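Work through the exercises below with the sequence and the model in view. Each task is followed by a solution in steps.

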Amino acid sequence: MRRKIAPYLLILPGGLWLVIFLVVPLVFMASVSTQEGDVVNGFVQTFRLANFADALLQYKTQFLRSAGYGLAGTLLTIALAYPVAYWIAFKGGARKSTYLLLVLLPFFVSFVLRTVSWKFLLADDGILLQPLKDIGLVPADFHVLQTTVAVVGGLTYNYLPFMILPIYVALERVDPRVVEASYDLYSTWRDSFTKIVLPLSLPGVFAGVLMTFVPMTSDYVNASILGGPANTMIGNIIQTEYLVNNDYPAGAALSFTLMAAMLIGIFVYAKALGTENVLEAAAR
Amino acid sequence: MSGPLSPALPPQAVADEVTPSVGPLRRRRVRWGDRLLFGYTWVVLLWLFAPIAVMIAFGFNDTKSKSNVSWQGFTFKWWGRLGDYPDLTTAVTNSLSIALLATLVTTVLGTLMGIALGRYRFRGQAATNLVMFAAISSPELVMGASLLSLFISLGVQTGYMTIVLAHVLFSVSFVAVTVRARVVGLDGSIEEAARDLGASTWITFWRVTFPMILPGVVSGALLAFALSIDDFVITQFTSGATITFPLWIYGAVRIGVPPQVNILGTLIFAVGVAIAVVNTVTSRRRT
């Protein structure tokens with residue numbers, strides 16, 4: 001009897017915490033999303049589903065922009081991360097853990113502060129652009145901040161380690177003997193890469209995509225610090241509705257739509273790649 | 001150092017270079033490919049380090065204006081004036097005490113969960129794993145927005161305690177996963193031996209099991225602390241009038257971030273790196 005109860009007693013405190021503060025709030029957010037009213041007179045539940053239509057129509061651009069930035073950022077992180085992960089896994093030798101620590105270095109600086117540092121670096125009169133302007137390489141009104149390049153660059157920077165690590169883990173598991181065997185059988189580098197190494201590393205890429213696309217798409221810190229009015233993402237809108245305008249129903253409807261869109265996206269992604277692949281990747 | 005969108009080479013170019021042809025040329029071309037890959041890796045690593053270097057350097061900048069972006073000479077003076085902004089000091093102490101409190105609660109809850117998940121098979125295990133996965137993978141924005149919806153609906157005043165509550169929420173699963181990994185890897189025969197020698201369940205746990213899972217608990221706690229002290233998005237939604245270090249920086253961006261922030265960031269960075277290095281070295285010695 002005691003053995004049967006034990007796991008439940010151990011799970012209970014943490015499990016309750018997760019249910020009460022993760023699952024229950026979603027129900028409340030769903031409820032808020034169909035309410036009407038304002039912060040002065042209070043909000044009343046009217047089951048107004050039109051909140052969703054209003055929010056979607058009004059902020060269609062920001063939704064699409066977020067998806068576009070998320071996609072561009074994810075593709076860029078793959079392009080940057082794969083060769084690095086490959087090099088550390090196959091050529092890192094005894095220094096592997098040192099290289100991994102270097103990859104993780106940015107995490108020892110607060111996310112906001114890292115982004116602010118990029119703002120320092122890219123500032124119109126900052127240490128990168130001012131010298132270039134002084135010697136006349138770029139025009140005096142040239143700027144990087146407040147552009148798409150700055151925002152997507154910031155997103156790519158902030159989430160790059162999340163792509164390097166899972167790809168590295170997958171590559172690390174590739175048995176070098178298999179690759180050697182392919183060379184012994186007169187395979188070229190290209191053939192053994194595309195037919196052996198790449199397929200074996202794909203679960204790592206899938207995991208990396210999950211770990212970067214979702215947070216990138218819902219990010220608002222990069223757009224707010226590095227971007228301008230033309231770079232507003234859906235996260236900025238939700239943050240403003242909740243914390244500045246106190247229009248909670250609009251904010252809730254937008255967050256719900258964002259969450260639903262992401263869940264559908266992940267589902268389609270999982271279907272397209274085979275559920276086992278994604279689940280296996282996610283389980284790590 | 002390069003900007004965010006200027007990698008050394010597109011990866012396709014690298015792949016082409018490393019492609020060897022069969023025959024005498026093969027070895028030399030592979031070496032060339034290795035060298036390119038090595039260079040590419042270092043360019044990316046330097047890019048990762050660029051803003052950190054800027055952060056450290058500008059803590060020593062003798063800036064005269066509010067915006068600390070152009071280099072105006074080296075100085076130590078800001079180190080003596082760390083306390084110039086009382087609300088910044090409050091924000092940092094808030095961040096530290098919230099992180100300590102959240103880590104304490106998270107470590108206890110997460111360790112219990114990790115033991116249950118690693119040791120027992122029980123009904124609801126799959127559901128627990130699913131909820132934990134959801135907690136790890138759901139966007140911070142949605143977590144923050146839904147928590148704020150809950151607090152608004154129930155009339156709960158957001159502030160210090162709601163931040164702690166939220167931090168426990170997003171880090172408890174990480175601790176549980178870390179501890180579970182350790183528990184699964186345990187050699188059960190050692191505990192059996194303790195019991196055979198007459199130790200009670202309680203004694204066996206504290207004298208045998210716990211010391212063996214302790215490394216997992218410690219790394220879980222460190223992770224929880226790091227997640228808490230760094231968090232911005234969920235904190236912003238649940239903070240009310242309370243300010244933490246990341247929130248203060250975010251608020252200061254428009255008016256100009258003072259060098260004190262760079263110094264505090266540098267100190268946190270140094271402590272974090274030191275702990276990570278010690279942790280890697282000791283765990284290497286242990287194995």
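**Exercise 1.** Locate B:Gly124 and decide whether this residue is buried or exposed.

*Solution.* The model is a predicted one. Start with the position: B:Gly124 is in the loop that connects helix 4 (86-119) to helix 5 (125-137) of chain B. Next, count neighbours: B:Gly124 has 12 C-beta neighbours inside 10 Å. A residue with 12 or fewer is exposed, so B:Gly124 counts as exposed. Finally, take a distance to B:Asp87: the two residues are 37 apart in sequence, and their C-alpha atoms are 46 Å apart in space.

**Exercise 2.** Place B:Pro246 in chain B, classify it as buried or exposed, and list its contacts beyond neighbours within four places in sequence.

*Solution.* B:Pro246 belongs to helix 11 (residues 245-252) of chain B. There are 23 other C-beta atoms within 10 Å of B:Pro246. Since the cut-off for a buried residue is 20 or more, B:Pro246 is buried. With neighbours within four places in sequence set aside, its contacts in chain B are B:Asp230, B:Asp231, B:Phe232 and B:Thr235. From chain A, A:Ser110 and A:Val112 are also in contact with B:Pro246. As for B:Lys64, 182 residues away along the chain, its C-alpha atom is separated from that of B:Pro246 by 24 Å.

**Exercise 3.** A:Val112 appeared in the previous solution; examine helix 5 of chain A, where it is found, and state how many of the residues of this helix are buried.

*Solution.* Helix 5 of chain A covers residues 111-122, which is twelve residues. From its first C-alpha to its last it reaches 17 Å, close to the 16 Å expected at 1.5 Å a residue. Eleven of the twelve residues are buried, so helix 5 of chain A is largely enclosed by the rest of the structure. The buried residues include A:Val112, A:Arg114, A:Trp118 and A:Lys119.

**Exercise 4.** Describe the contact between the two chains: how many residues does each chain give, and of what kinds are those on the side of chain A?

*Solution.* Chain A contributes 81 residues and chain B contributes 76 residues. On the side of chain A that touches chain B, helix 1 (residues 2-33) of chain A gives the most, with 21 residues. By kind, the residues on this side of chain A are 61 nonpolar, 16 polar and four charged.

**Exercise 5.** Describe the largest nonpolar core, and explain why it lies between two domains of chain B.

*Solution.* The largest nonpolar core has 147 residues. Those with the most contacts inside this core are A:Ala85, A:Ile164, A:Ile167, B:Leu169 and B:Ile249. Helix 7 (residues 148-172) of chain A gives the most to this core, with 14 residues. Domain 1 (11-78) and domain 2 (86-257) of chain B both give residues to the core, so it lies between them. The C-alpha centres of these two domains are 34 Å apart. Now look at A:Ile167: with neighbours within four places in sequence set aside, its contacts include A:Ala81, A:Ala85, A:Ser201 and A:Gly208.

**Exercise 6.** Find how strand 1 and strand 2 of chain A are joined.

*Solution.* Chain A has 13 helices and two strands. Strand 1 (residues 35-38) and strand 2 (residues 42-45) of chain A run antiparallel and are joined by four bridges. One bridge pairs A:Glu36 with A:Val44 in strand 2 of chain A. The two strands form a hairpin, with three residues between them.

**Exercise 7.** Compare A:Tyr186 and A:Asn246: what is the sign of phi in each, and is each one buried, exposed or partly exposed?

*Solution.* Begin with the general rule: most residues other than glycine have a negative phi. A:Tyr186 has a positive phi of about 65 degrees, and A:Asn246 has a positive phi of about 55 degrees. A:Tyr186 is in the loop between helix 8 (176-184) and helix 9 (189-217) of chain A, while A:Asn246 is in the loop between helix 11 (234-243) and helix 12 of chain A. A:Tyr186 has 8 other C-beta atoms within 10 Å and is exposed. A:Asn246 has 14 and is partly exposed.

Terms used. Residues are numbered from 1 along each chain as its sequence is written. Chains are lettered from A and ligands numbered from 1 in the order in which they are written. This is a predicted model: local features need pLDDT of at least 70, side-chain atom pairs count only at pLDDT 80 or more; totals for chains, interfaces and linings use all residues. Two residues are in contact if their C-beta atoms, placed from the backbone, lie within 7 Å. A nonpolar core is a set of buried Ala, Val, Leu, Ile, Met, Phe, Trp, Tyr and Cys residues joined through C-beta atoms within 7 Å. Domain bounds come from an automatic or database domain assignment. Ala, Val, Leu, Ile, Met, Phe, Trp, Tyr, Cys and Pro count as nonpolar, Asp, Glu, Lys and Arg as charged, and the others, Gly among them, as polar. Two strands pair if DSSP finds at least two bridges between them. The expected span of a helix is 1.5 Å times one less than its number of residues.
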